Amino acid sequence: MSSAAFDSMWSALEQVGRVGSGGYRRFAWTPEDRTLREWFAAECARRGLDLTVDRVGNQWAWWWDGPGTVDDAVAAGRPGVAIGSHLDSVPDGGAFDGPLGVVSALATVDRLREAGVRPDVPLAVVNFVDEEGARFGVACAGSRVLTGQLTPERALALRDADGTTYAEALRAAGRDPAELGPDDETLRRVGTFVELHVEQGRALVDLGAPVAVASDIWPHGRWRFDFSGEANHAGTTRLEDRRDAMLGYADLVLGARHVATQRGCVATVGKVAVTPGAVNAVPSRVTGWLDARGPQEDQVRALVDELTGRAGETGAQVVRESWTPTTRFDAALGDRLRQVLARAGGAAEPLSVPVLGTGAGHDAGILATAGVPSAMLFVRNPTGVSHSPAEHAERADCHAGVEALVACVRDLTSLRAAPAADGADA
Ligand code: GLV
Ligand code: MN
Ligand code: MN
């Protein structure tokens, strides 16, 4: 039954925001986002979940059949468990990054109900807004503002490529920008967060496992490099007379590759804006956005310092748009989920459940940084490709992901004693 529920939700989302490449353009506070938010609200209503929207716009749908309200339960020492992810996408992103976690969370509610499970603590399904930062440049804006890691002042002043501010986008979506801010009342309800996500890399296919538990997220950030020059005619301006902003940018792109290789990091310049943007004009301004990540924080910082120094020699301005240090997920929670999954299939011998780190950022990482015990489950991606229309997970693995999430939620929402972790009391 849960497979059918998963499949029908998946079909319902398939065309929303789909573009010619076969990928998706689902950016925060656009009509596509509104359609997705309305879809989410309708799915929650169908299940009788109690939908609340926090001060940032993140949607939380609570299932609590116990005595009193969710807040009463939390006050009585029963903090909630939240599961879910996001529905927005990068430009021409894949179908799975985000929606797999939201659809799996809703299917988990169905599956628990079919099994007659009544959680001992409140359970929420969450749809985080603006995880990718595709429109306004700051990834995980929804969870960052929620937890106080991005100030509302800074968020409201962010602009999209058309010059629309975040505040204007909120207003156009029917929200009051003055509402935007950290939301302790919402956070207080969340004792644990588990985000299921498509694997963004290629490890599980070689390990022969459909699901892994996450260990940590690499430190990562985004920087904007502005190179200035002088617009002039491409045919009549002598090479020695030119001030071509593109040359500094070209050095950034090649330098990023070179320095990242030397320092064991990854660096990407995936977005560029050229002014005036004419084939036959010398560029007067080029803005390139650098995304840098790596396993070692000091190496990522050194990489960015080196590239900033090189760009500075051309007079470029460099602005950091976001930075997230190394994030380690709650080790005890991760061990507990691994043990649950190892036993879940009912196999005679416990299964071995892989543990993977990742270079991708997630709302679960932002919540973890805010002190909410958080964990992630990754579902096998046979090609490892992500942020592309080619992103994929086999349907059987999606269903296995739901079963894994069901097992984890059953355990986390049950007040019977937690299992012992590696010989120690959990
Ligand atoms: C989010 O997907 C990121 O890591 O950029
Ligand atoms: Mn993503
Ligand atoms: Mn994601």
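Asp97 bridges two manganese ions, ligand 3 and ligand 2, which lie 3.7 Å apart. The model in which this site appears is a predicted one. This report starts with the metal site, moves to ligand 1, and then turns to some strands and loops of the chain.

## The two manganese ions

Besides Asp97, which contributes an OD atom, the manganese ion (ligand 3) has His86 (NE2) and His197 (NE2) as protein donors. These donors lie 2.0 to 2.2 Å from the ion. Along the sequence, the spacing of the donor residues is H-x10-D-x99-H. His86 belongs to strand β3 (residues 80–86), while Asp97 sits in the loop between β3 and α4 (99–114). These two residues are eleven residues apart, and the pair links distant parts of the chain. Both His86 and Asp97 are buried.

What are the protein donors of the manganese ion (ligand 2)? They are Asp97 (OD), Glu132, which is listed with OE twice, and His387 (NE2), at 2.0 to 2.7 Å from the ion. The sequence spacing of these donor residues is D-x34-E-x254-H. Here the pair that links distant parts of the chain is Glu132 and His387, 255 residues apart. Glu132 is in the loop between β4 (123–128) and α5 (141–146), and His387 is in the loop between β15 (374–379) and α14 (395–412).

Is Glu132 buried or exposed? Its relative accessibility is 7%, so Glu132 counts as buried. His387 has a relative accessible area of 41% and is therefore partly exposed. His387 also has a positive phi of about 55 degrees, although it is not a glycine.

## Ligand 1

The residues around ligand 1 are Glu132, Arg293, Ala360, Gly361 and His387. Glu132 and His387 are also among the donor residues of the manganese ion (ligand 2). By class, the shell around ligand 1 consists of one nonpolar, two polar and two charged residues.

Oxygen atoms of ligand 1 lie at the following distances from N or O atoms of the protein.

| Residue | Part of the residue | Distance to an oxygen atom of ligand 1 |
|---|---|---|
| Glu132 | side chain | 3.0 Å |
| Arg293 | side chain | 2.7 Å |
| Gly361 | backbone | 2.7 Å |

Taken alone, ligand 1 exposes 200 Å², and the protein buries 94% of that area.

Arg293 can be followed further into the protein. Its place is in strand β11 (residues 285–293). With a relative accessibility of 16%, Arg293 counts as buried, because the cut-off for that class is under 20%. The side chain of Arg293 also makes a polar contact with the side chain of Asp291, at 2.7 Å.

## Strand β2 and its partners

Why is strand β2 (residues 59–63) described as largely enclosed by the rest of the structure? Five of its five residues are buried, so the description follows. Both faces of β2 are covered. On one side are Gln59, Ala61 and Trp63, and on the other are Trp60 and Trp62, all of them buried.

Strand β1 (residues 50–53) is joined to β2 by four bridges, and the two run antiparallel. Asp50 has Trp62 in β2 as its bridge partner. In the hairpin of β1 and β2, five residues come between the strands, and Gly57 takes a positive phi near 110 degrees.

β2 also pairs with β4 in the antiparallel sense, over five bridges. In this pairing, the bridge partner of Trp62 is Ala124 in β4. Trp62 is thus a bridge partner of Asp50 and of Ala124.

## Backbone details in the loops

Most residues other than glycine have a negative phi, and most peptide bonds are trans. Asp130, which is not a glycine, has a positive phi near 55 degrees. Asp130 is placed in the loop between β4 and α5. At 1% relative accessibility, Asp130 counts as buried.

A cis peptide bond joins Thr275 and Pro276, with omega about 0 degrees. Pro276 is in the loop between β9 (266–275) and β10 (281–282).

Another loop, between α5 and α6 (152–157), holds Thr151. Thr151 counts as partly exposed, at 41% relative accessibility. Measuring from C-alpha to C-alpha, Thr151 and Arg171 are 18 Å apart in space, and they are 20 residues apart in sequence.

Definitions and conventions: Residues numbered from 1 in each chain as written. Chains lettered and ligands numbered in written order. Predicted model: local features only at pLDDT ≥ 70, side-chain atom pairs only at ≥ 80, totals over all residues. Heavy atoms only, no water. Near = heavy atom within 4 Å. Polar contact = N/O pair within 3.5 Å; in protein donor to acceptor, adjacent residues only side chain to side chain. Areas by Shrake-Rupley, 256 points an atom, 1.4 Å probe, with all protein chains shown as cover. Nonpolar A, V, L, I, M, F, W, Y, C, P; charged D, E, K, R; others polar. Donors = N, O, S within 2.8 Å, 3.2 Å for Na, K, Ca; no water. Buried < 20%, exposed > 50% of the residue type's maximum accessible area, 1.4 Å probe, protein only. Pairing = 2+ DSSP bridges.
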